[in-house]
Amino acid sequence: MSTLKVDNLLNTAGNESPISVPGAAKAWLNFNGVGTVAIRDSFNVSSVTDNGTGDFTVNFTSAMANANYCFQLSATDDGTGGNQTDGFVYGGWKRGANSTSFSTTTARFQLGYPTNQTLYDESHTMVTVFAS
């Protein structure tokens, strides 16, 4: 049996390619959504679009095979602001005209507090995408 060790996988166009191992994440992201959006680290994510308070779009470097992927989201804050939750997790949901939507190249989601139906920017937002 041989072992293959590489630092980067490239597709035929020379772009970074998502791993094609069954069960492996096809994309993941850790970013600061407060103020100017700042990606801390990511895989197969080219950028994050700030659509307004608590409303973000993840832009994939390489497209997913279809829009039926598994999108996992978690978000929390540093607990320093007046509206902060001191580490409690916020949820993502579909809401009105600014609904959550997924395509092969982007995933739009919103973060907020369900009790008062208010959207919030969070200092620690993590996304993971699993796809076939």
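This passage describes the fold, the core and the aromatic contacts of a predicted model of a protein chain.

The protein chain contains 10 strands and 0 helices, so that, read along the sequence, β follows β from beginning to end in the pattern β-β-β-β-β-β-β-β-β-β. Of the 132 residues in the chain, 31% are buried, and the accessible surface amounts to about 7700 Å², with carbon and sulfur atoms contributing 49% of that area. Among contacts with a separation of 6 or more, 55% join residues that lie 24 or more positions apart in the protein chain.

Part of the strand arrangement is an open sheet of 4 strands, which is ordered β2-β1-β10-β5 and paired in the antiparallel sense. The edges of this sheet are formed by β2 (38-43) and β5, each of which pairs on one side only, and the twist from one strand to the next averages 10°. Within the sheet, the antiparallel pairing of β1 and β10 extends over 5 bridges, and Ala27 has Val129 of β10 as its bridge partner.

Strand β4 also takes part in antiparallel pairings, with β3 over 6 bridges and with β8 over 5 bridges. In the pairing with β3, Val58 of β4 stands opposite Val48, whereas in the pairing with β8, Asp55 stands opposite Gln110. The hairpin of β3 and β4 has 2 residues between its strands, and Gly54 in this hairpin adopts a positive phi near 65°. Strand β4 is mostly covered, with 6 of its 6 residues buried, and this cover applies to both faces: Asp55, Thr57 and Asn59 are buried on one side, and Phe56, Val58 and Phe60 are buried on the other.

The largest nonpolar core comprises 17 residues, among which Phe60, Phe109 and Val129 touch the most other members. Two or more residues are given to this core by each of β1 (27-32), β3 (45-52), β4 (55-60), β5 (70-76), β8 (106-113) and β10 (124-130). Val129, already noted as the bridge partner of Ala27, is in contact, beyond its neighbours within four places in sequence, with Ala25, Lys26, Ala27, Phe60, Met64, Tyr69, Cys70 and Phe71.

Aromatic side chains form a further set of contacts, with 6 aromatic pairs in the structure. One of these joins Phe60 and Tyr69 in an edge-to-face arrangement, with 5.8 Å centre to centre and 90° between the planes. Phe60 counts as buried because its relative accessibility is 7%, which falls under the 20% cut-off, and Tyr69 is likewise buried, with a relative accessible area of 8%. Tyr69 also pairs with Phe102, in this case in a tilted arrangement with 5.5 Å centre to centre and 45° between the planes. This pair links distant parts of the chain, since Tyr69 lies in the loop between β4 and β5 and Phe102 lies in strand β7 (residues 101-102), 33 residues apart. Phe102 has a relative accessibility of 34% and therefore counts as partly exposed, a class that lies between the 20% and 50% limits. Phe60, Tyr69 and Phe102 belong to one aromatic cluster, together with Phe31, Phe56, Phe71 and Phe109.

Definitions and conventions
Residues are numbered from 1 along each chain as its sequence is written. This is a predicted model: local features need pLDDT of at least 70, side-chain atom pairs count only at pLDDT 80 or more; totals for chains, interfaces and linings use all residues. Side-chain values use heavy atoms; hydrogens and water are left out. Buried means under 20% relative accessible area, exposed over 50%, partly exposed in between (1.4 Å probe, protein chains only). Contact means heavy atoms within 4.5 Å. Accessible areas come from the Shrake-Rupley method with a 1.4 Å probe; for residues, only the protein chains shown count as cover. A nonpolar core is a set of buried Ala, Val, Leu, Ile, Met, Phe, Trp, Tyr and Cys residues joined through side-chain atoms within 4.5 Å. Two strands pair if DSSP finds at least two bridges between them. Axes are lines fitted to C-alpha atoms, for helices over the stretch in contact, and angles run from 0 to 180 degrees between N-to-C directions. Rings of Phe, Tyr and Trp (its six-membered ring) pair if their centres lie within 6.5 Å; planes under 30 degrees apart count as stacked, over 60 as edge-to-face and the rest as tilted.
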